[in-house]
Amino acid sequence: MSRYFSPEIETADRGRMLTLQGQRLRATVRHCYDNVPFYREKLRKLGLEPGDIKTVDDLVKLPFTYKQDLRDHYPYGLFAVPKNKVVRIHASSGTTGKMTVVGYTQRDLDDWAEDTARAIVAAGGSREDYIHVSYGYGLFTGGLGLHYGAERLGATSIPVSSGNTRRQIDVLRDFGSNILCCTPSYAMYIGETMAELGISPDSLNLRAGILGAEPWSDEMRKEIEGLLGIKAYDIYGLSEIMGPGVAFECEAQSGMHINEDKYIPEIIDPDTGEVLPDGRQGELVFTCITKEALPLLRYRTRDIAVLSREECSCGRTLIKMSKPMGRTDDMLIIRGVNVFPSQIETVLLELGLSPNYLLVVDREGSLDTLEVRVEMTPEMFTDAVKGLEKIEKRIRSALLSTLGLAATVKLVEPKSIARSEGKAKRILDNRKG
Ligand code: DLL
């Protein structure tokens, strides 16, 4: 069993990596300039020609790209190839009702499968393994992202998708799954359910988990490892850049190696945009250097992290990022679903309700819960209880269809949600770790 999926890249020396990145960056900037009017205009405004970008050091000259830019060009306006070259679409939540839509050519999908195949090998996987994929299949990138990586490696994918925990456990046990891919909170839930059912982890063949898509702590890692009898590896990614596998953890379990042959990372000061040296905490920014369908330059992830070039005991030379330590915006991740308070506000206003609301996020056992408290208008306050229940139900189903997330809804008395003199406080996050 090889320790690396792409040894020549994963252990490349710095000089070789910089040369490769430079070549690919030049080609990408040219591709963006020639095929994406948005980038052509941006570069022209800065007085830049593609030829001005020669090496990775020139990256700082390039403009940033924001989630808002994707939204402004919804759905396909930043695509750099004709429609007949796009073979797949995925999407994730945007800051308002609109989704962030991403596209892939066949070569993009091949590159992506390589990313997640590297992650599976780094978690000790090989072609002998059954890879149990419990990330959601669909517009979310988790399911299909790991799925194709497993097959690319020559392992066996088991596309269970998320939900139906009892059946997940049957499949884990009866099909002999070796590696479980899902969000850390779902891994924990599976583990707890097994304990409740009296199913010992020893009755499974599970060795590892490849867990990500939401923040999780080292304490949670220990709990999951204990409950499932596995080694739990972190995996990071975002749809705009590719999906899961932008970065992945190795046996050292101390940060995630970035697939920097495809995504050049930078850490910047989120307020000034200034690039910070390795080791400093700031906003993670990625430039895609192999993407055909949606090549993004200096994309502001809003994730706060630290980069490190310290030698890794696994032998990989790929730069490492820390676990994301927070976000520069107000995006919440609840049961793996990205949620912006502004989306909830839009739903409430569309239903003619008060924009005074509070989101209470908590964790019951291992599952995140969301309670949306909405102030009644004075007219509603005089309504009979039955009428209020109906409104709560309407809000609940509107939230479910917009966010894909079940929430508890509570109508509260007018003026009972604290007003703020500065920024409104919309979120009460009681989750720890
Ligand atoms: O969550 C892709 C993914 C799927 C990653 C499966 C890993 C496993 P999005 O839905 O676009 O894509 O959400 C991206 O999720 O900017 C982070 O804030 C957060 N995130 C992703 N992975 C991690 C992680 C997928 N390992 C956003 N730790 C990112 C903490 C994570 N946060």
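This report walks through the cores, one helix, the salt bridges and a surface patch of a predicted model.

**Cores**

In soluble globular proteins, nonpolar side chains tend to be buried together. Here the largest nonpolar core holds 48 residues. Those with the most contacts inside it include Leu62, Phe286 and Met321. Helix α2, residues 14-35, gives the most to this core, with 4 residues. Another core lies apart from it, with 28 residues. Leu20, Ala123, Ile179 and Cys312 are among them.

Take Met321 in the largest core. Leaving aside neighbours within four places in sequence, Met321 is in contact with Tyr236, Ala247, Gly255, Met256, Ile258, Leu284, Val306 and Leu307. Two of these partners, Tyr236 and Leu284, also appear in the list of residues with the most contacts inside the core.

**Helix α5**

Helix α5 covers residues 106-122. At 1.5 Å a residue, its 17 residues should span 24 Å. The end C-alpha atoms are 24 Å apart, which agrees. The helix is mostly covered, with 14 of its 17 residues buried. Just after α5, Gly124 takes a positive phi of about 90°.

**Salt bridges**

Side chains of opposite charge can pair when their charged atoms come close. The structure holds 31 salt bridges. Three of them are listed here.

| Pair | Closest N to O |
|---|---|
| Arg24 and Asp261 | 4.0 Å |
| Arg298 and Glu266 | 2.9 Å |
| Arg363 and Asp368 | 3.1 Å |

Arg24 lies in helix α2, and Asp261 in the loop between β9 and β10. The pair therefore ties together parts that are 237 residues apart in sequence. Arg24 is partly exposed, because its relative accessibility is 26%. Asp261 is buried, at 2%. Both belong to a network of salt bridges that also links Glu114, Asp115, Arg118 and Lys262.

Arg298 and Glu266 also link distant parts of the chain, 32 residues apart. Arg298 sits in the loop between β11 and β12, and Glu266 in strand β10. Both residues are buried. In the third pair, Asp368 is buried, with a relative accessible area of 1%.

**Surface patch and strand β1**

Tyr74, Tyr76, Ile89, Met99 and Leu139 make a nonpolar surface patch of about 450 Å². Tyr74 is found in the loop between α4 and β1. This residue is partly exposed, with a relative accessible area of 36%.

Strand β1 holds Ser92. Is Ser92 buried or exposed? Ser92 is buried, because its relative accessible area is 12%. Beyond neighbours within four places in sequence, Ser92 is in contact with Lys67, Met99, Thr100 and Ser239. Met99 is also one of the patch residues.

How values were computed: Residues are numbered from 1 along each chain as its sequence is written. This is a predicted model: local features need pLDDT of at least 70, side-chain atom pairs count only at pLDDT 80 or more; totals for chains, interfaces and linings use all residues. Side-chain values use heavy atoms; hydrogens and water are left out. Patches are made of residues with over 30% relative accessible area and no salt bridge: like charges are joined within 9 Å, nonpolar side chains (Val, Leu, Ile, Met, Phe, Trp, Tyr) within 5 Å. Accessible areas come from the Shrake-Rupley method with a 1.4 Å probe; for residues, only the protein chains shown count as cover. A salt bridge is a side-chain nitrogen of Lys or Arg within 4 Å of a carboxyl oxygen of Asp or Glu. Helices (H or I, at least four residues) and strands (E, at least two) are DSSP runs, numbered from the N terminus. Buried means under 20% relative accessible area, exposed over 50%, partly exposed in between (1.4 Å probe, protein chains only). A nonpolar core is a set of buried Ala, Val, Leu, Ile, Met, Phe, Trp, Tyr and Cys residues joined through side-chain atoms within 4.5 Å. Contact means heavy atoms within 4.5 Å. The expected span of a helix is 1.5 Å times one less than its number of residues.
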